[in-house]
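Me: I would like to go through the terms used for this model one at a time, and to see what each of them rests on.

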Amino acid sequence: MTTTARAVLAAGLVKLNLWNTVTQAYNGFGDELDADKFEIKPNFEEKISESRSHKDYGQARASVVLPKPTELTIELAAATVQALAMQFQGLVQNLTQASGSFANQDFTLTALDQWLPLGKRSISDSGFEFKNAAGTVTYDLGTHYEMNWLRGLVRFHSTAAGAPVAAAVLKLSGAYGAVDGKKILGGRVTQVRCQAQFDGQNMVDGSPVEADVHECVLGSNNGFDFLGSDFSSITLSGKIVTPPGKTEGYEIRLPGAST
């Protein structure tokens, strides 16, 4: 007996295979990503020949529908580094730092009341201190200066009693932790060329639904609100391309479906 769902309410996950502009090859499909939209939108242009005869003026004597590039919109919920890089048109680079310490190191106080970099991130507050050049005065955290421990920034206050003067050379002691992360250089990649896969099922009857996009070129032109009152999504949109060796840009498969 053949059964067919009377409606479609699909759920699933998306995988992307990004084109590497350096190696001129695809990197390979990555992990499955949570997505809130995977929309394929066929387009067409209608050409109409209108009659100018006095008998049927304005009526169509011929009409033809011509295909136009198919659009693809992917809305990702997963905040992976790669997804955020696509959102910000960026390149991904490693952000690394070995652990170490400042051992009575010279630090030139180039300005007061401004955040100054220590040259290292992930600073530990344990054993951290600033002294004057002679090592006879220890400056107080919270009184003479304040710290941004994660970024490795310090700001000395000009109004604090006993504060050092601008251009003074201080002695810095303390430790910093290892950092193993990523950074995104925004605005470096204006388009994302990739392959896309959707693996899901129709929640109405549990039947599988699959989609393979052989090639597409996507971009991001929507904002990403870091302080939004709701979850922020990553929206990529563009056109599906028919690559060499294919007669179509994408396939939709319904494994096990009856005809």
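The exchange below sets values beside definitions.

Reply: This is a predicted model, in which local features need pLDDT of at least 70 and side-chain atom pairs count only at pLDDT 80 or more, while totals for chains, interfaces and linings use all residues. Residues are numbered from 1 along each chain as its sequence is written, and side-chain values use heavy atoms, with hydrogens and water left out.

Me: What makes the protein chain more spread out than a compact globule?
Reply: The protein chain has one helix and 16 strands, where helices (H or I, at least four residues) and strands (E, at least two) are DSSP runs numbered from the N terminus. Its radius of gyration, taken over C-alpha atoms, is set against the globule rule of 2.2 Å times the number of residues to the power 0.38. For 259 residues that rule gives 18 Å, whereas the protein chain has 30 Å, well over that value, and it is therefore called more spread out than a compact globule. Along its principal axes, the C-alpha trace spans about 105 × 55 × 40 Å.

Me: Why are strand 6 and strand 8 said to stand at the edges?
Reply: Two strands pair if DSSP finds at least two bridges between them. The open sheet of three strands in question has the order 6-11-8, with antiparallel pairing. Strand 6 (100-108) and strand 8 (129-131) each have a single partner strand, so one side of each is left without a neighbour in the sheet.

Me: How do you know that strand 6 pairs with strand 11?
Reply: Seven bridges join strand 6 to strand 11 (residues 169-176), which satisfies the requirement already given for pairing. One of the contacts is between Gly100 and its bridge partner in strand 11, Tyr176.

Me: What makes Glu50 and Arg52 a salt bridge?
Reply: The term calls for a side-chain nitrogen of Lys or Arg within 4 Å of a carboxyl oxygen of Asp or Glu. In the pair of Glu50 and Arg52 the closest N and O atoms are 3.6 Å apart, so the pair qualifies. A search of the whole structure finds nine salt bridges.

Me: Why is Arg52 called exposed, and Glu50 partly exposed?
Reply: Buried means under 20% relative accessible area, exposed over 50%, and partly exposed in between (1.4 Å probe, protein chains only). Arg52 has a relative accessible area of 52% and is therefore exposed, whereas Glu50, at 38%, counts as partly exposed.

Me: How do you know that Glu215 is buried, and what does its salt bridge with Arg193 tie together?
Reply: Glu215 has 11% relative accessibility and so counts as buried, while Arg193, with a relative accessible area of 34%, is partly exposed. In their salt bridge the closest N and O atoms are 3.6 Å apart. Because Arg193 lies in strand 13 (residues 192-202) and Glu215 in strand 14 (residues 208-219), the pair ties together parts that are 22 residues apart in sequence.

Me: What makes Arg253 and Glu210 a link between separate strands?
Reply: Their side chains meet in a salt bridge at 3.0 Å, N to O. Arg253 lies in strand 16 (residues 250-253) and Glu210 in strand 14, so the pair ties together parts that are 43 residues apart in sequence. Salt bridges that share partners join Glu210, Asp212, Glu251 and Arg253 into one network.
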